[in-house]
Amino acid sequence: MADNQRKRRPKVNDSNKKIGKRVAALRKQNHLTQVALGDLTSTTDKHISEIERGIVGMSIDMQIQLSRVFHCSIDYLIMGEEYQTVETLLPQDTLRILHS
């Protein structure tokens with residue numbers, strides 16, 4: 001088989017790979033199969049697999065759907081950390097003073 005006819009492995013983007021690992025971990029924590037997650041997000045298990053392996057990125061719509069299914073922020077899906085607000089950063093004592 002000629003080199004140009006050989007099936008090439010898709011290039012995996014490092015960011016997509018990290019995001020995919022988070023998606024896979026969340027799916028497993030929620031005891032879902034790729035098929036079940038595909039059903040919940042109106043896509044296929046093949047697409048979920050490609051996301052988890054970092055082969056494809058996620059559309060904004062998919063990010064929203066996954067954040068709803070997993071009850072997490074899009075920030076967590078993309079960056080691995082929750083969105084930080086003043087309320088989450090400041091100690092509770094300081095917040096009580098500011099709100100009084």
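How many salt bridges does a search of the whole structure find? The search finds two, and the legends below, which describe a predicted model, take each of them in turn after an overall view.

**Figure 1. Overall view of the predicted model, a protein with seven helices and zero strands.** Read from the N terminus on, the elements run α-α-α-α-α-α-α. Of the 100 residues in the protein, 28% are buried, and the protein exposes about 7,500 Å², with carbon and sulfur atoms supplying 52% of that area. Among the contacts between residues at least 6 apart in sequence, 52% join residues that are at least 24 apart.

**Figure 2. Close-up of helix H3 and what covers its buried residues.** Helix H3 spans residues 45-52, and its buried residues are Ile48, Ser49, Glu50, Ile51 and Glu52. The cover over these buried residues includes helix H1 (14-29), H2 and helix H4 (60-70). Just after H3, the chain reaches Gly54, which takes a positive phi of about 80°.

**Figure 3. Close-up of the salt bridge between Arg27 and Glu52.** The closest N and O atoms of this pair are 2.5 Å apart. Because Arg27 lies in helix H1 and Glu52 in helix H3, the pair ties together parts that are 25 residues apart in sequence. Both partners are buried, Arg27 with a relative accessible area of 9% and Glu52 at 11% relative accessibility. Side chains of opposite charge can pair when their charged atoms come close.

**Figure 4. Close-up of the salt bridge between Glu50 and Lys46 within helix H3.** Here the side chains meet at a distance of 3.6 Å, N to O, and the two residues, both in helix H3, are four residues apart, about one turn of the helix. An α-helix has 3.6 residues a turn, so residues three or four places apart point the same way. Glu50 counts as buried because its relative accessible area is 17%, under the 20% limit for that class, whereas Lys46, at 57% relative accessibility, counts as exposed.

**Figure 5. Close-up of Thr41 in the loop between helix H2 and helix H3.** Thr41 follows helix H2 (34-40) and precedes helix H3 (45-52), and, with a relative accessibility of 2%, Thr41 counts as buried. Leaving aside its neighbours within four places in sequence, Thr41 is in contact with Ile48, Met62, Gln65, Leu66 and Val69. One of these partners, Ile48, is itself among the buried residues of H3.

Conventions
Residues numbered from 1 in each chain as written. Predicted model: local features only at pLDDT ≥ 70, side-chain atom pairs only at ≥ 80, totals over all residues. Heavy atoms only, no water. Buried < 20%, exposed > 50% of the residue type's maximum accessible area, 1.4 Å probe, protein only. Contact = heavy atoms within 4.5 Å. Areas by Shrake-Rupley, 256 points an atom, 1.4 Å probe, with all protein chains shown as cover. Salt bridge = Lys/Arg side-chain N within 4 Å of Asp/Glu carboxyl O.
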